[in-house]
Amino acid sequence: MSDLTAIRPDFSQPIEPLMGLEVEMFGFDSESLAPLGTPGARLSSQELMQRIASSQGKLKKDPASGEIIGLDLGCGNFSLEPGGQLEYASCPGVSLRGLLGDLRQGLQILEEAGAGQVLFLDHGTNPLAGADLPLLVPKHRYRILDRFFASQPGGRGVHMMRYSATAQPNVDVPGGQAEWQDAINLTLALTPLVKKLFANSWFFQGQRTAPGSERQRIWDAIDASRTGIPPVSGAPDIATAYAAWGRKAFVFLAGDLPLEEQPLYGQLTYEQWETSGWNGRFPTHLDWETHLGTLFPDLRLRRFLEVRMVDAQTFSQAMAPMAFWAVALREGRPRLWDWLGSKSDSVTELLDVVQACAQDELARSVLGSFGEHLRAGVPEWNSAAEFVRSEGTTHPSRKLTV
């Protein structure tokens, strides 16, 4: 059942050079600073979606629970994450400028629905939500995943679900299998430095975090069978190696079994499910594709490259991860391999190399702006509330890099 069609592109067909961006963010009541959907907030994320749906788009509902889980705009769409995080996924496009316009339109839709009552924050962790934050979007799959992670001793999967946010560039790599594999190998080689480059998690549960990225520390402490850097670098056939890794990952969603019959942490790998079944049920091809979508590595292979190791950025720098990876994986591979050979560990030097490879004027501008942002350093804030007041905005579209 564990075939490769959901992992690698069809190299017999020309690959259109598409890219897309998924941006996650937090919402707070603009007066009380209560996270959306919690006591003291005038709105929930679901009510925000209902406001949008009153004039455009179609609500997405979870078939099992009937819960509102997002909104479809026809191409771009909104999704709601377990802790009430708001995600905007752009329509796939061929240019960075097109994605910038798409993201601006999506943010404008959100801010109009918020009507000044919502303060939006693009940040790797929720700065203000307390340790008692419930599952604010009780989608059936989220309830299953929540139960699974709660059964992991010492794990932080519950924190991942409720408190983390990312910026996720998705990139198609034109060419054949050799070009695709080279792009994957480069991505994995750059991952440790890129995590440092895009670290953006300054507060968590009301407290200043330790140096580095709290979001990444959270992700590093969840189920290791499905996270981190997949062990595929240098493999003769990366898709086959990735599938072998995926088959050893634990299963939390064994088909349509009831919640209480789903496996807990450590009880079932996909390989075991294929061999021995679970509660009398064996996986189907659809189950394999679903399982691949429940893997959370730093780079997920879903025909395109889904880059997942980046913290959510400030709105002014929201396009920087997309520009970085679009340039690095398409135009910059030879030069970046040479740079990696120098053994440098400077993130600003890495950024400069990628910017120098950019052929698109907007990409150079976006990456230059991000470099200035890094050199400016991190301001000091007296509290998490001051941070949210300072960095949050009721009009995120106005913050985007032009």
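In this predicted model, helix α5 meets helix α11 through E179, D182, A183, N185, L186, A189, L190 and L193 on the α5 side and R333, L336, W337, W339 and L340 on the α11 side. Sorted by class, this contact holds 9 nonpolar residues, 1 polar residue and 3 charged residues. The two helices, α5 spanning residues 177-197 and α11 spanning residues 333-341, pack with their axes 11 Å apart and at an angle of about 40°. That angle is why α5 counts as oblique to α11. The crossing of α5 over α11 is left-handed.

Helix α5 also packs against helix α10 (residues 320-330), where the axes come within 11 Å and cross at roughly 145°. Here the crossing is right-handed. On α5 the contact is made by A183, L186, T187, L190, V194 and L197, and on α10 by F324, W325, A328 and L329. This contact divides into 9 nonpolar residues and 1 polar residue, with no charged residues. A183, L186 and L190 of α5 thus appear in the contact with α11 and again in the contact with α10.

Helix α10 has a further partner in helix α12 (residues 347-357), with an angle of about 70° between the two and their axes 9 Å apart. The two helices are therefore roughly perpendicular to each other, and α10 passes α12 in a left-handed crossing. F324, V327 and A328 of α10 touch L350, L351, V354 and C357 of α12. By class, the contact consists of 7 nonpolar residues, with no polar and no charged ones. F324 and A328 take part in this contact with α12 as well as in the one with α5.

Turning to the open spaces, the largest pocket holds about 1,300 Å³. Its lining comprises 47 residues, and those nearest the pocket centre are E22, E87, R300, R302 and R308. Strand β1 (residues 19-29) provides the largest share of this lining, with 5 residues. The lining as a whole has 20 nonpolar, 12 polar and 15 charged residues.

The second largest pocket offers about 450 Å³ of space. It is lined by 24 residues, with N200, W202, T314, H373 and E391 closest to its centre. Two or more lining residues come from each of α13 (361-376) and α14 (384-391), and α13 gives the most, with 4 residues. In this pocket the lining divides into 13 nonpolar, 8 polar and 3 charged residues.

As for enclosed spaces, there are 4 cavities of 30 Å³ or more. The largest cavity has a volume of about 90 Å³ and is lined by K195, R215, Q216, W219, D220, T227, G228, F296, P297, D298, R308 and M309. At least two of these lining residues come from each of α6 (214-220), β10 (227-228) and β11 (296-297), and α6 contributes the most, with 4 residues. By class, the lining has 4 nonpolar, 3 polar and 5 charged residues. R308 is worth a second look, since this residue lines the largest cavity and also lies among the residues nearest the centre of the largest pocket.

The second largest cavity has a volume of about 60 Å³. F26, G27, F28, P35, L36, G83, G84, Q85 and N126 form its lining, which comprises 4 nonpolar and 5 polar residues and no charged ones.

Definitions and conventions
Residues are numbered from 1 along each chain as its sequence is written. This is a predicted model: local features need pLDDT of at least 70, side-chain atom pairs count only at pLDDT 80 or more; totals for chains, interfaces and linings use all residues. Side-chain values use heavy atoms; hydrogens and water are left out. On a 1 Å grid over the protein atoms alone, a cavity is a set of points where a 1.4 Å probe fits but cannot get out, and a pocket is an open set with protein on both sides within 12 Å along at least five of seven lines; lining residues have an atom within 4 Å of a point. Grid points are joined across faces, edges and corners, and a volume is the space filled by probe spheres set on the points. Ala, Val, Leu, Ile, Met, Phe, Trp, Tyr, Cys and Pro count as nonpolar, Asp, Glu, Lys and Arg as charged, and the others, Gly among them, as polar. Axes are lines fitted to C-alpha atoms, for helices over the stretch in contact, and angles run from 0 to 180 degrees between N-to-C directions. Angles under 35 degrees count as roughly parallel, over 145 as roughly antiparallel, 65 to 115 as roughly perpendicular and the rest as oblique. A crossing is left-handed if the near helix is turned anticlockwise from the far one by less than a right angle, and right-handed if clockwise. Contact means heavy atoms within 4.5 Å.
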